[in-house]
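Student: I have not looked at this structure before, and I would like to go through it step by step. Could we begin with its overall build and then turn to its helices and its interior?

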Amino acid sequence: MESPSLDGFRCLNLACPAYSQLGLGNIRLRKWYDTRSGRRRLLRCATCGREFSELKGTALWNTRLPHERAADIMEHVTRSNSFKETAEFTHTHRTTVSRLVCIAGEHAQRVHDHHAQDLRVTSLQADERHGFVGRKDQPCWEATVIDPRSKFLVQNALGARTTDLAVRLLFETRSRLHDPHGVVLFTDGWLPYDSLFPQVFGRPYQPKRQGSRGRLPRLQHRIPRTSGHVRIIKTYHGKRVTDIRIERAAGSQRRIDQELEALGYTTPNTSAVERHNGTARRMNPHQVRKSLAFARLPHVRQTVSDLVNAVYNYCRVHRSLRVKLDEPVGRRQYAQRTPAMAIGIADAVWSVLRLLRTVVLPTPCRS
């Protein structure tokens, strides 16, 4: 694999005046050095004089395996193969697979935090998936929020199915949006969504106090006319859905109808996130139904989920997102896109190796 140009590197020293700035010409080649995974470049910042490896800040930092082999391990794991199966396929020890996947999952979450900011979305869908961690009697739910237009997974949260799970999911989702007051939210009938929607997507205001003494009234939230919340409540008999009731929980009905028309929906639904639930169970070995490959540790469960979500957003094309080319290229008439390309934060389909080699800032450089 060819080494990237030095123009794509930046200084990783937090105290450097040129920290994280591209195109300054301050990154120079110090020397080449040998590792077990091949020859690497030692870079030097001409501004502050600090030296760092070209892999500093990536998931491949201090990785002794060849990079193509490490990427192959991530490909197998995100194709719903267990750690043991991946170790057999790639001729690697199982503990090595587990260690690399955890490192890659933490890195993938940092990449997502860096890129998934200031998202311009007008509707969101939220749902939860059941899973396990440790033992089959210890459930671990994974709640997700997805943009139905671009199929981009905005946020996920893992834990027990309590109010705390919904709080972490919705407030972290809100921090990634450009305009949180112009969103229509489609959810199931889980009650925490209903109670948290005004606090997350509403505008806070302080009611006036009656008289001149006493405490101020509790802070209230006013839901703007540009947002709305729709609940799709399902009634089950055993494992079969017997009835579906749709209710407007908050917001303007006119705004909800406008968003449904823009999405091409005739009735409110959570089809995009339900479809993603099936995709996630096909990609994540810990989510495959009737499988014994569930995670033994919560940290492993979290990192594998973060890795799978990043690969889904940046590396896997979605057939419904393809666009027709102005002029066919040979027999190809459509350009395939990933959810990250559809939402506008990526310009090409990433490979898993590119995801692992992406430098995440801030990363303090060791002296």
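Tutor: Helices here are DSSP runs of H or I with at least four residues, strands are runs of E with at least two, and both are numbered from the N terminus. Please keep in mind that this is a predicted model.

Student: How many helices and strands does the chain have?

Tutor: Counting the runs in that way gives two totals for the chain. They come to 10 helices and 15 strands.

Student: What percentage of the residues of the chain count as buried?

Tutor: The C-alpha atoms fill a box of roughly 70 × 55 × 55 Å along the principal axes. A residue counts as buried when its relative accessible area is under 20%. Among the 367 residues of the chain, the share that meets this cut-off is 47%.

Student: Which helix gives the largest share of the largest nonpolar core?

Tutor: This core holds 66 residues, and those touching the most other members are Ile-73, Met-74, Val-101, Leu-119, Leu-124, Phe-152 and Leu-356. Phe-152, for example, has contacts beyond its neighbours within four places in sequence, including Leu-119, Tyr-314 and Ile-345. The largest share of the core is 8 residues, and these come from helix 8.

Student: How many residues are in the second, separate core?

Tutor: Cys-11, Leu-12, Cys-45 and Phe-52 are included in this second core, which is separate from the one just described. Its size is 11 residues.

Student: Is helix 7 oblique or roughly parallel to helix 8?

Tutor: The axes of helix 7, residues 271–283, and helix 8 come within 10 Å and cross at roughly 120 degrees. Angles from 65 to 115 degrees count as roughly perpendicular and those over 145 as roughly antiparallel, so an angle between these two ranges falls in the remaining class. That crossing angle therefore makes helix 7, with respect to helix 8, oblique.

Student: Which residues of helix 8 make the contact with helix 7?

Tutor: The crossing of these two helices is right-handed. From helix 7 the contact takes in His-276, Thr-279 and Met-283. On the side of helix 8, the residues are Val-308, Val-311 and Tyr-312.

Student: How many charged residues are in the contact of helix 4 with helix 5?

Tutor: Helix 4, residues 163–174, and helix 5, residues 191–201, have axes that come within 10 Å and cross at roughly 35 degrees. Among the residues in contact are Leu-170 and Arg-174 of helix 4 and Tyr-193 and Gln-199 of helix 5. By class, the contact has 9 nonpolar and 2 polar residues, and the number of charged ones is 1.

Key
Residues numbered from 1 in each chain as written. Predicted model: local features only at pLDDT ≥ 70, side-chain atom pairs only at ≥ 80, totals over all residues. Heavy atoms only, no water. Axes fitted to C-alpha atoms, helices over the stretch in contact; angles between N-to-C directions. Contact = heavy atoms within 4.5 Å. Nonpolar A, V, L, I, M, F, W, Y, C, P; charged D, E, K, R; others polar. Core = buried A, V, L, I, M, F, W, Y, C linked by side-chain atoms within 4.5 Å. Buried < 20%, exposed > 50% of the residue type's maximum accessible area, 1.4 Å probe, protein only. Parallel < 35°, antiparallel > 145°, perpendicular 65-115°, else oblique. Left-handed = near helix turned anticlockwise from the far one by under 90°.
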